[in-house]
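Work through the exercises below with the sequence and the model side by side. Each task is followed by a solution that goes step by step.

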Amino acid sequence: MQVLPTVLPAAILLISAGLLIIFYRALRQRRHSATSPRPAMGHARVPGQRLLEGIDRIDQEIGDFTSGSLAFLALFVGVIIADVYFGEPEARALSAAGSGAVGIAFYTFSLTRLARLMRKRRNLRLGYDGRVAVVRALSCLTPEGYRVYHDVPAEGFTIDHVVVGKKGVFALETTTRPKPGRAGAEAATVAYNGQVLFFPRATDDHTVARAEKRAEWLSEWLGRATGEEVAVRAVVAAPGWFVKRTTPTGIPVVNPKQIASLFAHIQPRPLSDAQIEGIAHRLEQATR
């Protein structure tokens, strides 16, 4: 029984930490399994809707985890104070060491998890801001008769933006990257060789391929939906970056500020008014 006063405070903290983690995971699973908020009937999806929903979920997780950490801190202080005043003198040193080890382990886990959540939230926010920049750039196409759709749902993914108009159908993919801390045009330039994007701190060999694959999927889907062959061209927008092409091959990769110029000079694949209406009808149904 002499061991009990030594291990009891640490055992209380350990059990409490475990219960907090179990409660947090159960709460997160219940929230994630719930149906995500959907736009009201007849309203189109907002740009970056999935990103906004992801940011909201992370904000909830950060709040839950922070509250749990504060609750554990209160318990930790209470256990230490109780041990100091009511514990046996000869067991206090070992008891404090055990309680401290549990506390350090829990807060190391908590801080690591919070850091990951904050980093994930920062990346989602960067992606959302990038989509908003593309939306603003695409607004110049509306007076030209183009129709623009955002967050078009597909099979397990969404297409960021779809543009339909007199020059054809275009599927736009957005890529966002944080810029290096140093200033200068070179630090904000991405090189493009027709397949790969070379950022100052990273090489992106999947965005262009993903954009092409999603444009191909949209082409097949529209073809089945309308009963006519529909050619969809892929475009990648890189908000905040100057794009330096090293070869004329490959799909267009542009800064959103270049979108107006791109659509003014791109080779047309004309659609009839009836085809445009049919494609627009299918996309409106998909995004409402």
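**Exercise 1. Identify the residues that form one aromatic cluster, and then analyse two aromatic pairs.**

Solution. Tyr146, Phe170 and Phe263 come together as one aromatic cluster. The rings considered are those of Phe, Tyr and Trp (its six-membered ring), and they pair if their centres lie within 6.5 Å, with planes under 30 degrees apart counted as stacked, over 60 as edge-to-face and the rest as tilted. The model is a predicted one, in which local features need pLDDT of at least 70 and side-chain atom pairs count only at pLDDT 80 or more, whereas totals for chains, interfaces and linings use all residues. Residues are numbered from 1 along each chain as its sequence is written, and side-chain values use heavy atoms, with hydrogens and water left out.

A search of the whole structure yields six aromatic pairs. For Phe157 and Trp217, the ring centres are 5.7 Å apart and the planes stand at 75 degrees, so this pair is edge-to-face. The pair links distant parts of the chain, since Phe157 belongs to the loop between β1 and β2 while Trp217 belongs to helix α4, 60 residues apart; helices (H or I, at least four residues) and strands (E, at least two) are DSSP runs, numbered from the N terminus. Phe157 has 16% relative accessibility and therefore counts as buried, the classes being buried under 20% relative accessible area, exposed over 50% and partly exposed in between (1.4 Å probe, protein chains only). Trp217 is also buried, at 14%.

The second pair, Phe199 and Trp241, has ring centres 5.0 Å apart and planes at 80 degrees, so it is edge-to-face. Here Phe199 sits in the loop between β5 and β6 and Trp241 in the loop between β7 and β8, 42 residues apart, and both residues are buried.

**Exercise 2. In what order do the five strands of the open sheet stand, and which helices contact them?**

Solution. The order is β1-β2-β3-β7-β9, with mixed pairing, where two strands pair if DSSP finds at least two bridges between them. Because β1 (147-153) and β9 (253-254) each have a single partner strand, they stand at the edges, and one side of each is left without a neighbour in the sheet. Within this sheet, β2 (residues 158-165) and β3 (residues 168-174) run antiparallel and are joined by five bridges, with Val163 standing opposite Phe170 in β3.

Helix α6 (residues 273-286) packs on the sheet, touching β1, β2 and β3, and its direction makes about 40 degrees with that of β1. Helix α4 (residues 207-226) lies across β1, β2, β3, β7 (232-237) and β9, and runs at about 150 degrees to β7. Contact means heavy atoms within 4.5 Å; axes are lines fitted to C-alpha atoms, for helices over the stretch in contact, and angles run from 0 to 180 degrees between N-to-C directions.

**Exercise 3. Which value of phi does Asp151 have, and is the residue buried or exposed?**

Solution. Phi of Asp151 is near 50 degrees, a positive value in a residue other than glycine. Most residues other than glycine have a negative phi. Asp151 is placed in strand β1 and is buried, with a relative accessible area of 3%.
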